[in-house]
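Biologist: Could you teach me how to read salt bridges and strands in a model? I would like the general idea, then the case in front of us.

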Amino acid sequence: MKQLPLTDEWFHGSVSLQHREEGIKPWRIPYMDYKLYPPAGIDGKAEICAGVRLRLRTDSAEVAVSFTSLADAAVMDCVAEGELLQRIHLSVGATEALFTGLPAEIKDVEIWLPQNIGMTVTGLRIGTQAVGVPLPDTRPRWITYGSSITQCVGASGPSRAWPAIVAEACGFSLTNLGFSGNCHMEPMIGRLIRDLPAEFISICAGVNIYGAGTLSPRMFKPQLIGLLETIRDKHRETPLLVISPIYGTVRETELNPLGFTLPMMRQAIRETVEMLRERGDRRLYYQDGLNWLGPEDEAFLTDGLHPGAEGYELLGRRFRDLYGQTK
């Protein structure tokens, strides 16, 4: 196999790319501003590769991606023309994913990096006689912000996380800002989304704030208003969909330490969106998370909160309808 020049043009879905001596590391924050996203780069979640992929046009029957030794087991997917061609399960310490048996004709390939760990890519190789060039992503840009339910560690593979399913179905170029346990509507996240290009933005917030008790009922609405208004500084006309928490079993009735339940959060989110719409923001939309995954879907939750692989497939299918209501 032959080595292709490792440049930024292969990478999509990251916010920034850090050039290290050993290779290129994707980040979902501006890595040079790491200290502005405490603790430790959004609790270590900003370096995870959720939604990040390598895109190339090639006639090679095999594609190899090499990387520094993995700290945890992971999965990588090879997708061509929207079809999952091969999935590789990687063990701790792995340094390469070799996809073989691919169609030996010109095709558009996406290699989806793992949604549960960070990774420094050290090389990209194709067949010796094959050609391979970076594949631009000219589709409308979509930013989605949320919790572990958006990061989707429990999906069967990175290309089957619900944002990836939606991006393929709706023709979006995805940036996934799902941070497991760390969707707290921090001001720097509002600034980040504000400064990124986007033709569609979606937010699913609340469940981490409930779980960690980071915002009281007194401060939840003001924080949400600040997040949305910050985004609107540079995205005045961008469709912006706000989704309240999906069904959360005991969290529906059990007060957290600050006196919140998920139904109370849903009401606060709905009232906030309605207020901003009344003030003229007609491109802002609300969806009740129970319409996305409700009590009748409890069997899709693995622990009373997180969907499993089938649940993420369901969220992907249903989100297309939620998006359709923003047009």
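**Reading salt bridges and strands**

Modeller: Let us start with one residue: E274 is partly exposed, at 38% relative accessibility. Buried means under 20% relative accessible area, exposed means over 50%, and partly exposed lies in between (1.4 Å probe, protein chains only). This is a predicted model, where local features need pLDDT of at least 70 and side-chain atom pairs count only at pLDDT 80 or more, while totals for chains, interfaces and linings use all residues. Residues are numbered from 1 along each chain as its sequence is written, and side-chain values use heavy atoms, with hydrogens and water left out.

Biologist: Which residue forms a salt bridge with E274?

Modeller: Side chains of opposite charge can pair when their charged atoms come close. The rule for a salt bridge is a side-chain nitrogen of Lys or Arg within 4 Å of a carboxyl oxygen of Asp or Glu. Here R270 pairs with E274, their closest N and O atoms being 3.4 Å apart. Both lie in helix α7, 4 residues apart, about one turn of the helix. R270 is partly exposed too, with a relative accessible area of 31%. Helices (H or I, at least four residues) and strands (E, at least two) are DSSP runs, numbered from the N terminus.

Biologist: How many salt bridges does this rule give?

Modeller: The count comes to 21. In one of them, D137 meets R53 with the closest N and O atoms 3.2 Å apart. D137 lies in the loop between β12 (132–134) and β13 (141–146), and R53 in strand β5 (residues 53–58), so this pair ties together parts that are 84 residues apart in sequence.

Biologist: Are D137 and R53 buried or exposed?

Modeller: Both are buried. They also belong to a network of salt bridges that links R53, R55, E110, D137 and R139.

Biologist: What about the strand β5, how many of its residues are buried?

Modeller: In β5, 5 of its 6 residues are buried, so you can call this strand mostly covered. As for neighbours, two strands pair if DSSP finds at least two bridges between them. Strand β10 (residues 107–112) runs antiparallel to β5, with 6 bridges joining them. One of the partners there is D108, matched with R57. β12 also runs antiparallel to β5, through 3 bridges, and L56 has P134 as its bridge partner. Finally, 2 bridges join β5 to the antiparallel strand β2 (residues 11–12), where H12 is partnered with R53.
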